[in-house]
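Here are some notes to read alongside the structure, written for someone meeting it for the first time. Take the points in order, and keep the view open as you go.

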Amino acid sequence: MSTKTYAQAISDATVMVQGIRNNQEVLSKRQIDTIFADSMQADIDTAVILNNEQESLKARLKEKTGQLDGIMAGLTKKASEARKIIKLDMPQSSWREFGISNKR
């Protein structure tokens, strides 16, 4: 698997298309012609759009992950406090009602 980023691969493909267009005479003998270059350019255009959308989604995912991490930290702290109090004030036989296993 290649270690190139999508942006690098798109950039390399763009340079290649330009090279194909500049050397059509030689390359067209092997079906690397204008139609091929146009098809490749269409794929590049689609890849650019999808890559931009993906980068935007990654940024939003990082935002949401940060929000979730903050909420989960508070939730974990509250659950820990509640667990301690429940274990102190409630009989062990009722701990299951709170989702606590019967371990001290």
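**Notes for a first look**

1. Let us begin with Asp38, which counts as partly exposed at 40% relative accessibility. Please keep in mind throughout that this is a predicted model. The side chain of Asp38 meets that of Arg21 in a salt bridge, with 2.9 Å from N to O. Arg21 sits in helix H1 and Asp38 in helix H3, so this pair ties together parts that are 17 residues apart in sequence. Arg21 is also partly exposed, at 28% relative accessibility.

2. How many salt bridges does a search of the whole structure find? The search finds three. Besides the pair in point 1, there is one between Lys4 and Asp12, whose closest N and O atoms are 2.3 Å apart. Lys4 is partly exposed, with 44% relative accessibility, and Asp12 is partly exposed as well, with a relative accessible area of 36%.

3. Lys58 and Glu55 form another salt bridge through their side chains, at 3.2 Å from N to O. Both residues belong to helix H3 and are three residues apart, about one turn of the helix. It helps to recall that an α-helix has 3.6 residues a turn, so residues three or four places apart point the same way. As for exposure, Lys58 has a relative accessible area of 40% and is partly exposed; Glu55, at 39%, is partly exposed too.

4. Now follow helix H3 itself, which covers residues 34-89. H3 has 56 residues, and the span from its first C-alpha to its last is 80 Å, close to the 82 Å expected at 1.5 Å a residue. At the N-terminal end of H3, Asp33 acts as a cap: one of its side-chain oxygens lies 3.3 Å from the backbone nitrogen of Ile35.

5. Which residues of H3 are buried? They are Ala37, Met40, Ile44, Asn51 and Ile86. The buried residues of H3 pack against H1, the helix that holds residues 6-22.

6. Asn51 deserves a closer look. Its relative accessible area is 13%, and Asn51 is therefore buried, since the cut-off is under 20%. Leaving aside residues up to four places away in sequence, Asn51 touches Tyr6, Ala7 and Ile10. Of these, Ala7 is found in helix H1 and is partly exposed, with a relative accessible area of 46%. Ala7 can also be compared with Ala47: they are 40 residues apart along the chain, and their C-alpha atoms are separated by 8.9 Å.

7. For a second distance, try Ala42, a residue of helix H3 that is partly exposed at 40% relative accessibility. Ala42 and Phe98 are 56 residues apart along the chain, and 58 Å separates their C-alpha atoms.

8. Is Gln31 buried or exposed? Gln31 is exposed, because its relative accessible area of 60% is over the 50% cut-off. You will find Gln31 in the loop between helix H2 (24-27) and H3. Its backbone is worth a glance: Gln31 has a positive phi of about 65° although it is not a glycine. For context, most residues other than glycine have a negative phi.

9. On the surface, look for a nonpolar patch of about 280 Å², made by Leu68, Met72 and Leu75. Leu68 is found in helix H3.

10. Finally, move to the segment after H3, where Ser94 is found. Ser94 is buried, with a relative accessible area of 15%. A polar atom of the Ser94 side chain lies 2.8 Å from the backbone oxygen of Pro91. Measuring back along the chain, Ser94 and Lys84 are 10 residues apart in sequence and 14 Å apart in space, C-alpha to C-alpha.

Conventions. Residues numbered from 1 in each chain as written. Predicted model: local features only at pLDDT ≥ 70, side-chain atom pairs only at ≥ 80, totals over all residues. Heavy atoms only, no water. Helix = DSSP H or I, 4+ residues; strand = E, 2+ residues; numbered from the N terminus. Buried < 20%, exposed > 50% of the residue type's maximum accessible area, 1.4 Å probe, protein only. Contact = heavy atoms within 4.5 Å. Expected span 1.5 Å × (residues − 1). Polar contact = N/O pair within 3.5 Å; in protein donor to acceptor, adjacent residues only side chain to side chain. Patch = residues over 30% accessible without salt bridge, like charges linked within 9 Å, V, L, I, M, F, W, Y side chains within 5 Å. Areas by Shrake-Rupley, 256 points an atom, 1.4 Å probe, with all protein chains shown as cover. Salt bridge = Lys/Arg side-chain N within 4 Å of Asp/Glu carboxyl O.
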